Amino acid sequence: MGRAKAKKGPKYAVMKKLITRKTIQHHKEEVLNPAKKDPQQEKLPRNVPYVPSALFFKYNTALGPPYRVLVDTNFINFSIQNKLDLEKGMMDCLYAKCTPCITDCVMAELEKLGQKYRVALRIAKDPRFDRLPCIHKGTYADDCIVDRVTQHKCYIVATCDRDLKRRIRKIPGVPIMYITQHKYSIERLPEATIGGDFDSHRAVPASHKCYIVATCDRDLKRRIRKIPGVPIMYITQHKYSIERLPEATIGGAPRF
């Protein structure tokens, strides 16, 4: 016996969906309207960059003695080549107490350099220096220093690396210490913060003009002359002499 053929149902014409006027209006409002606000985007928190309160434009009020100096790996090596003591050289540069800070990344880089740089490693382990722990992955000191300085504006970065100095210059309010002519020099540090609101070797406070400066140092006299209203006493022809003192103030101001 043959198989029974299955009955086929009747065929109907498939009608295409018609686009109604309501659908077109909904498409214009939801998709084609660029000014429409997304409610999901409005619920997200705003990403506002953190601006430290100690930064007034490019002037950093958080800097002051004792200075905390973040030391890079190559800064220690170049200091040894130029026969410079880290703490003494920083004090001669800033005229104030300085505390070198060594991060774990810098210590790890010095350990990787081997026996050739054992003197630099011994200097970095000096108990007078502050040791800063690192919580990030890897031992790349440049990224560590840049991230730390971006978050905390209370450091001076000591480095001789051109790439790192170029990255630090993009961060406002962070001074850079480097080596030039066999001595330390500072970049982007306002004179008002050198020595803790003192000008010219901490001899004359910037806020008090009631002093006379007695010195024979040419560099100091050159700096004092830039401060208006501060007389200078010096030695000439085996006697003391005064400079920039009005005659009306000599012997007391006359009373009428």
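Take helices H3 and H5 to begin with: in this predicted model, their axes come within 9 Å and cross at roughly 55°. Two packed helices are described by exactly this pair of values, the angle between their axes and the distance between the axes. An angle of roughly 55° is neither under 35 degrees nor in the 65 to 115 range, so H3 and H5 count as oblique to each other. If you want to see where they touch, look at Thr73, Ile76 and Asn77 on the H3 side, which meet Val106, Glu109 and Leu110 on the H5 side.

Now stay with H5, which covers residues 104-112. Which of its residues are buried? They are Cys105, Val106, Met107, Ala108 and Leu110. So Val106 and Leu110 turn up twice, as buried residues and as part of the meeting with H3, by the definition of contact as heavy atoms within 4.5 Å. H3 (73-81) has company, though: the buried residues of H5 also pack against strands S3 (67-71), S4 (98-103) and S5 (130-132), along with helices H6 (118-124) and H7 (141-151). Follow the chain just past the end of H5 and you'll reach Gly114, which takes a positive phi of about 90°.

From there, hop over to the surface. Ile212, Met233, Ile235, Tyr240 and Ile242 make a nonpolar patch of about 490 Å². Strand S12 (232-236) and strand S13 (239-243) are the elements that give two or more residues to this patch. And Ile212? You'll find Ile212 in the loop between strand S10 (204-205) and strand S11 (213-214). With a relative accessible area of 44%, Ile212 is partly exposed.

Terms used: Residues numbered from 1 in each chain as written. Predicted model: local features only at pLDDT ≥ 70, side-chain atom pairs only at ≥ 80, totals over all residues. Heavy atoms only, no water. Patch = residues over 30% accessible without salt bridge, like charges linked within 9 Å, V, L, I, M, F, W, Y side chains within 5 Å. Areas by Shrake-Rupley, 256 points an atom, 1.4 Å probe, with all protein chains shown as cover. Salt bridge = Lys/Arg side-chain N within 4 Å of Asp/Glu carboxyl O. Helix = DSSP H or I, 4+ residues; strand = E, 2+ residues; numbered from the N terminus. Buried < 20%, exposed > 50% of the residue type's maximum accessible area, 1.4 Å probe, protein only. Axes fitted to C-alpha atoms, helices over the stretch in contact; angles between N-to-C directions. Parallel < 35°, antiparallel > 145°, perpendicular 65-115°, else oblique.
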